[in-house]
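Here is a friendly note to go with your first look at this structure. Please keep the view open while you read the points below.

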Amino acid sequence: MAKTQLGARVDEDVAELAKKRAADLGLSIGDYLARLVQDDASGLRARAVDAAARFLAEHQAVFDEAENAQQTPRGARAA
């Protein structure tokens with residue numbers, strides 16, 4: 001594995017492929033790598049939001065029950 005100027009150890013075949021892809025897109029290798037990181041972060045963000053939405057949907061009854069319990073006047077259950 002060759003050490004690049006970015007300080008990462010990358011297999012030469014992978015580095016060459018990244019350089020070719022960057023050139024195809026008209027980007028420097030640094031800009032290409034930055035784009036990959038941004039795309040990955042965007043994908044992670046989207047998956048996290050989807051997971052949170054599924055969690056909220058699956059547990060909506062629990063949240064509704066807690067909210068209703070907070071709105072019940074004090075002493076209303078004393079009987």
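1. A good place to begin is the order of the elements: from the N terminus on, the protein chain runs β-β-α-α-α. That gives 2 strands and 3 helices. Please bear in mind throughout that this is a predicted model.

2. Next, the chain as a whole. Of its 79 residues, 5% count as buried. The accessible surface of the protein chain comes to about 6800 Å², and carbon and sulfur atoms hold 54% of that surface.

3. Now for helix α1, which covers residues 12-24. How far apart are its end C-alpha atoms? They are 18 Å apart, and this agrees with the expected span, because 13 residues at 1.5 Å a residue should also give 18 Å.

4. Which residues of α1 are buried? They are Ala15, Ala18 and Ala22. Looking down the axis of α1, you will find these buried residues within an arc of 60°, so they line one face of the helix.

5. What does that face meet? The buried residues of α1 pack against two elements, β2 (9-10) and α2 (29-58). It is worth turning the model until β2, α2 and the buried residues of α1 can be seen together.

6. On the other side of α1, the exposed residues are Glu12, Asp13, Leu17, Lys20, Ala23 and Asp24. Note that an alanine appears here too, Ala23, whereas Ala22 belongs to the buried residues of the helix.

7. Just after α1 comes a glycine to look at: Gly26 takes a positive phi of about 70°.

8. Finally, the aromatic rings. How many aromatic pairs does the model have? The count comes to 1 aromatic pair. Its partners are Phe55 and Phe63, with ring centres 6.3 Å apart. The planes of the two rings stand at 65°, and the pair is edge-to-face because that angle is over 60 degrees.

9. Are the two partners buried, exposed or partly exposed? Phe55 has 43% relative accessibility and therefore counts as partly exposed. Phe63, at 36% relative accessibility, counts as partly exposed as well. Both values lie between the cut-offs of 20% for buried and 50% for exposed, which is why neither ring residue gets one of those labels.

Conventions:
Residues numbered from 1 in each chain as written. Predicted model: local features only at pLDDT ≥ 70, side-chain atom pairs only at ≥ 80, totals over all residues. Heavy atoms only, no water. Phe/Tyr/Trp six-rings, centres within 6.5 Å; stacked < 30°, edge-to-face > 60°. Buried < 20%, exposed > 50% of the residue type's maximum accessible area, 1.4 Å probe, protein only. Helix = DSSP H or I, 4+ residues; strand = E, 2+ residues; numbered from the N terminus. Areas by Shrake-Rupley, 256 points an atom, 1.4 Å probe, with all protein chains shown as cover. Expected span 1.5 Å × (residues − 1). Arc of directions from axis to C-beta. Contact = heavy atoms within 4.5 Å.
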